Amino acid sequence: MLPVDQPCPLTLPVTRGMFQICDVRCCDWLVNICQRKRELKARTVWLGCPEKCEEKHPRNSIKNQKYNIFTFIPGVLYEQFKFFLNLYFLVVSCSQFVPALKIGYLYTYWAPLGFVLAVTIMREAIDEFRRFQRDKEVNSQLYSKLTVRGKVQVKSSDIQVGDLIIVEKNQRIPSDMVFLRTSEKAGSCFIRTDQLDGETDWKLKVAVSCTQRLPALGDLFSISAYVYAQKPQLDIHSFEGTFTREDSDPPIHESLSIENTLWANTIVASGTVIGVVIYTGKETRSVMNTSNPKNKVGLLDLELNQLTKALFVALVALSVVMVTLQGFVGPWYRSLFRFLLLFSYIIPISLRVNLDMGKAAYGWMIMKDESIPGTVVRTSTIPEELGRLVYLLTDKTGTLTQNEMVFKRLHLGTVSYGADTMDEIQGHLRNPCPQTQSQAGGNNASSTPPRKAQSSAPKVRKSVSSRVHEAVKAIALCHNVSPVYESRAGVGGEAEYAEADQDFSDGNRTYQAASPDEVALVQWTESVGLTLVSRDLGSVQLRTPSGQIQTYCILQMFPFTSESKRMGVIVRDESTAEITFYMKGADVAMSSIVQYNDWLEEECGNMAREGLRTLVVAKRALTEEQYQDFESRYSQAKLSIHDRALKVAAVVESLERQMELLCLTGVEDRLQADVRPTLELLRNAGIKIWMLTGDKLETATCIAKSSHLVSRTQDIHIFRPVTNRGEAHLELNAFRRKHDCALVISGDSLEVCLKYYEHELAELACQCPAVVCCRCSPTQKARIAKLLQHHTGKRTCAVGDGGNDVSMIQAADCGIGIEGKEGRQASLAADFSVTQFRHIGRLLMVHGRSSYKRSAALGQFVMHRGLIISTMQAVFSSVFYFASVPLYQGFLMVGYATIYTMFPVFSLVLDQDVKPETAMLYPELYKDLTKGRSLSFKTFLVWVLISIYQGGILMYGALLLFESEFVHVLAISFTALILTELLMVALTIRTWHWLMAVAEVLSLGCYVASLAFLNEYFDVAFITTVTFVWKVSAITMVSCLPLYVLKYLKRKLSPPSYTKLTS
């Protein structure tokens, strides 16, 4: 029998097994809890009833902080000690608390380490506090929330799904909402989206008609209504949902699309809006399109980290050799550790301090450069990255271009009008339409005869004047532009049209639209005499050159989409009741829709070669019956929940048949100053440029040509749209057969290719001289940056100016923000901020190059300073029976690393191999840097050999020449060491600066002055003798002269590339 308190032996394995299973399951459960992402679902949101939400939704707070109060110290320490260099010094410093291992004063180890950590923690704390203040400011913004009891003030962070929020003009929209009501009588408002999609133009948004029609605000609580919204997603350009009012008979159903939404981080530009919150916090479009910022570490820091690991291996090997030669006597492991500590100066802690101070100095130099005024360095840890770039990813709108459109060309098939012949068009418009029409109808009635005999009447019978009238009218009507009168911004209603002349001639009129092209077209029609004076959701009013007002009723609007590449409008002329369908779009989309012609394709090509953005304009006259039939089918398609977009497109396409081609327009997007020479400079420097834009394919291709990103003679391969693996495979094979051609690919096709053929696409794209990605979402831009880093291992730089570029800027190794029209979000998130694109040339060629070369020289010299003293220690120990006794102690070691050599060594940050003008004139010099030859294992090995040679000479020389007392060895060797270091700095310098000379003289003066106070180390009587002076001079000469001779011979026999240019 077993004692009662002992378990049965058979049950032990079973019990242990059960515990193991439970343990594993618990761990799995915890891992799942930590890793699980909440599944995003579609939702039904009741108006003004957050409590009815079935799911729990995230808080509506913005959080950009990296740490919280508990994780700050551990987080910062982890970021520091994940570097081998810092971790090594922490271990060495801690070892000094063990009496058996103590070989010097504690302050010689802890003071430098404490200084490095204190500076880092303070810098991080300041950055973190600034982030906290910015977040607090945004989260504390007050908004009016509509409740049953009236309006209440609520913080942005306390807004919930289902709340009814009132947003005033010029106020930020706090969360994603469906637009219910507006103070504007038209039932629509404008919003600014520059921080969301990077476009500076205002977007027109339309309120849900059911709620807009309610008499008063409070009636929103008297109805029973809900919004069905699709699950949160990344796409900022689409939305599908329905609005349902249950308490009416029959229930009212309205389809909701992107034009009924108000996304977070956009700004209300006109009127006051009321919306129901559908997505909050992490589920808003703006947050889902923003990636978390990563801690950026420069390539030079990583290379130095590798070298310190190599030095550590050398340190261990040297210590093992010493213990072996000692014969493993006594507690050899203690001797081994003491040798490790004695030679610990092989890896100098001052390396981090010097490099960090150097980075700060480079940042200061960049900001003080008068050639690039307004440049700000926001991340001081990576200035050397600017000298190692291979890929430059740039945004288009506002970065390469000014986003200012100018109308340049109108082509009617047989006649073309340019900037110098626009007065002819004015002449045609001033004269009434040449066909026999009543004056009352003006040129509107001119569309009647062609409609009645559209198929039979040949086009030739139309005079040029008639075609000019029709073309200009079509351009003035087919758009999404609204005139805005700032002087009347505060007035509730519109002015009476009886006072039209007085109001519409007001200089305060500005045009707003979703695209700057549209504004340019409408401004052009105004300049030739046909002015858009008023527009709301239901009507458009034009003023003719004679001052007559023409009113058109808008029956349907078909907005531009990236799929359709066209937009259309159906209008009814109020004076003649004629219904006309106008359409304009890209030539690729319109060529199959318009009637046969022999000039469109050729002229589009000609305009594109001039760098103009082209639009084809066409029309079709409709009878009342045709329109009524279309409207019933269109309304039915818009209400369908499944495949709504396809059904709507199919109905619209039924109208797009045999349309009459009116004209072709050409608009120029002006480039930023000096974009072409800057891109050429970067290309000559060996940098490959990729343009990533949210704009249309045609526009992106146009700008790529006009900016000379793609040269005139270069072929362009336009990657056809692909939707599945098979199509992607075929298209990649087609692209593989092309050689030396630029690639143009859309964001959707890119997504498909990355899903199935990531490696193949990256390999092919990287061989291209230039790549253009159009219709890119912010997350796709960031993904491309990561793809290049992963597949090439080269350094990438992202340049942008809008909120939509932030993800890309943060994902790239180095981010440059441009302060432009699209706000300051990109420049604040970037590592470097410039005011103009052309400044990037000097930032990279001059400052990037200098920072990298200086840091490489500084890093290697600081290592040399540690290696030389460790070599002397090794020689000293081996001569004195491998004793683990320090050669120099206490203040000598601290002084050697600080006041005696610090200033001359640090003055290397002022060194330059070529003048800035030469670096800009010969960008090819930049190419060498990407190979990393300034800091490599080869250059490092040269410095190691120099250190061993000099350390050996200094120590053996001192031992050979010393006389009676050991204290003389210390005096001779240490003085010769200081002189050698000062001479080596002089040898390394390529261009002298007056501060370098001051640093050399000052350091020597400090050493000579301190000799009087170092009685415990030196014999003061001996160091004032001639014997001391000649011995020190002789040793110093032997250690340095051969190196000076070798350097002279190398410069004569194999000069570096920059000396050939400067000679």
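Student: Is Cys-663 buried or exposed in this model?

Tutor: In this predicted model, Cys-663 counts as buried because its relative accessibility is 0%. Buried residues make up 54% of the 1063 residues in the protein chain.

Student: How many disulfides does a search of the whole structure find?

Tutor: The search finds zero disulfides. Cys-768 offers a case to examine: the closest cysteine sulfur to its own belongs to Cys-741 and is 5.7 Å away, which is too far for a bond, because a disulfide requires the two sulfur atoms to be within 2.5 Å. Cys-768 is also buried, at a relative accessible area of 4%.

Student: How should one describe two packed helices?

Tutor: The description rests on two quantities, the angle between the axes and the distance between the axes. Here, helix H10 (residues 350-368) packs against helix H28 (residues 839-879) at an angle of about 160°, and the axes are 10 Å apart.

Student: Which term describes how H10 and H28 run relative to each other?

Tutor: They are roughly antiparallel, because angles over 145 degrees fall in that class. The crossing of H10 past H28 is right-handed.

Student: Which residues of H10 and H28 meet?

Tutor: On the H10 side, they include Leu-351, Asn-354, Tyr-362 and Met-365; on the H28 side, Leu-843, Ser-851, Leu-858 and Val-862 are among them. Asn-354, in helix H10, is worth a further look. Asn-354 counts as buried, at 4% relative accessibility. Leaving aside residues up to four places away in sequence, Asn-354 touches Leu-858, Val-862, Arg-865 and Phe-906.

Student: What is the general expectation for phi and for peptide bonds?

Tutor: Most residues other than glycine have a negative phi, and most peptide bonds are trans. As to the peptide bond, Asp-249 and Pro-250 are joined by a cis bond, with omega about -5°. Pro-250 lies in the loop between strand S9 (241-245) and strand S10 (252-256).

Student: Where is Asn-265, which has a positive phi?

Tutor: Asn-265, with a phi of about 75°, is in the loop between strand S11 (261-262) and strand S12 (267-268). Asn-265 is partly exposed, with a relative accessible area of 21%.

Student: What is the phi of His-708, and where is this residue placed?

Tutor: The phi of His-708 is near 65°, a positive value in a residue other than glycine. His-708 occupies the loop between helix H21 (697-706) and strand S28 (716-718). At 28% relative accessibility, His-708 counts as partly exposed.

Definitions and conventions
Residues numbered from 1 in each chain as written. Predicted model: local features only at pLDDT ≥ 70, side-chain atom pairs only at ≥ 80, totals over all residues. Heavy atoms only, no water. Buried < 20%, exposed > 50% of the residue type's maximum accessible area, 1.4 Å probe, protein only. Axes fitted to C-alpha atoms, helices over the stretch in contact; angles between N-to-C directions. Helix = DSSP H or I, 4+ residues; strand = E, 2+ residues; numbered from the N terminus. Parallel < 35°, antiparallel > 145°, perpendicular 65-115°, else oblique. Left-handed = near helix turned anticlockwise from the far one by under 90°. Contact = heavy atoms within 4.5 Å.
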